[in-house]
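Please find below a colleague's note, set out as numbered points, to be read with the sequence and the coordinates open.

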Amino acid sequence: MKKYIYWGLVMLLVLGVGCGKKVWPEPEADDERFEIKIEQARLEGECLHIQARLKGNYQNLAEVTLEVEESVVPCPGCPFMATFSEVLPPGAQEVHMDGDLLQLSLCGFDPEKYNRVRLTGVNVYRNLGDVHSNVKELY
């Protein structure tokens, strides 16, 4: 009888250890996010120069997309509608990162047109979504 009680307790202990919720660890989304703010944007001749500040976990920046709205008349109150975009990975020639400071230089713009620009950052954790900067006007 004692033998059955002993084995019963052992089995109960073994089964009890195997119970419980088991899930894969997940990153804390708020800890992995970042923000982008354009501090300066200027057009010098045909070349666009942007200086932006990253806030948060900017090491998770996989790539940045420069979005440009080009028009023949200024429309500061209009919704931003990109007329073209350029995807730039952090190691691209046009991109320079120094800590949380992001600098972009890209040429080939028409200085006679009005431009508005926005940056979109892609997180290495794609399910966190893209991050859009503020829109800067170059009038």
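## Notes on the predicted model

1. F109 is a buried residue, because its relative accessible area is 5%, which falls under the 20% cut-off. The model under discussion is a predicted one, and the remarks that follow should be read with that in mind. F109 takes part in the 1 aromatic pair that the structure holds, its partner being F84; the two rings are tilted, with 5.8 Å from centre to centre and 35° between the planes. The pair links distant parts of the chain, since F84 belongs to strand β4 (residues 84-88) whereas F109 sits in the loop between β6 and β7 (114-123), 25 residues apart. The partner F84 counts as partly exposed, because its relative accessibility is 34%, so a reader following the pair passes from a partly exposed ring to a buried one.

2. For the overall layout, the protein has 2 helices and 9 strands, and along the sequence these follow the pattern α-α-β-β-β-β-β-β-β-β-β. Of the 139 residues in the protein, 30% are buried. The accessible surface of the protein comes to about 9,500 Å², and carbon and sulfur atoms account for 55% of that surface. When contacts between residues at least 6 apart in sequence are considered, 62% of them join residues at least 24 apart.

3. Which cysteines are joined in the model? The structure holds 2 disulfides, and one of them joins C47 to C107, with an S to S distance of 1.9 Å. This link is right-handed, with 100° about the S-S bond, and it connects distant parts of the chain, C47 lying in strand β2 (residues 47-56) and C107 in strand β6 (residues 101-107), 60 residues apart. C107 counts as exposed, because its relative accessibility is 52% and the cut-off for that class is over 50%.

4. The other disulfide is formed by C75 and C78, whose sulfur atoms are 1.5 Å apart. Its torsion about the S-S bond is about 40°, so this disulfide is right-handed. Both cysteines can be placed by accessibility: C75 counts as partly exposed at 27%, and C78 is likewise partly exposed, with a relative accessible area of 32%. Counting bonded cysteines along the chain, the disulfides follow the pattern 1-4, 2-3.

5. The structure holds 6 salt bridges, among them the one between R118 and E67, in which the closest N and O atoms are 2.8 Å apart. R118 lies in strand β7 and E67 in strand β3 (residues 61-71), so this pair ties together parts that are 51 residues apart in sequence. E67 is buried, because its relative accessible area is 14%, a value under the 20% cut-off.

6. Strand β3 also supplies E70, which forms a salt bridge with K113. Here the closest N and O atoms are 4.0 Å apart, and the pair again links distant parts of the chain, K113 being in the loop between β6 and β7, 43 residues from E70. E70 is partly exposed, with a relative accessible area of 24%, and K113 counts as partly exposed as well, at 30% relative accessibility.

7. Two further items complete the remarks on charged residues. E44 forms a salt bridge with R42, the closest N and O atoms being 2.8 Å apart; E44 is partly exposed, with a relative accessible area of 43%, and R42 is partly exposed at 39% relative accessibility. In addition, E39, R53 and D100 are linked in a network of salt bridges.

8. Is S133 buried or exposed? S133 counts as buried, because its relative accessibility is 7%, although this residue lies in a loop, the one between β8 (131-132) and β9 (136-138). Leaving aside residues up to four places away in sequence, S133 touches I36, I38, R118 and L119. R118 therefore appears twice in this note, as a contact of S133 and as the salt-bridge partner of E67 in the pair that joins β7 to β3.

Methods
Residues numbered from 1 in each chain as written. Predicted model: local features only at pLDDT ≥ 70, side-chain atom pairs only at ≥ 80, totals over all residues. Heavy atoms only, no water. Helix = DSSP H or I, 4+ residues; strand = E, 2+ residues; numbered from the N terminus. Buried < 20%, exposed > 50% of the residue type's maximum accessible area, 1.4 Å probe, protein only. Contact = heavy atoms within 4.5 Å. Disulfide = S-S within 2.5 Å. Areas by Shrake-Rupley, 256 points an atom, 1.4 Å probe, with all protein chains shown as cover. Phe/Tyr/Trp six-rings, centres within 6.5 Å; stacked < 30°, edge-to-face > 60°. Salt bridge = Lys/Arg side-chain N within 4 Å of Asp/Glu carboxyl O.
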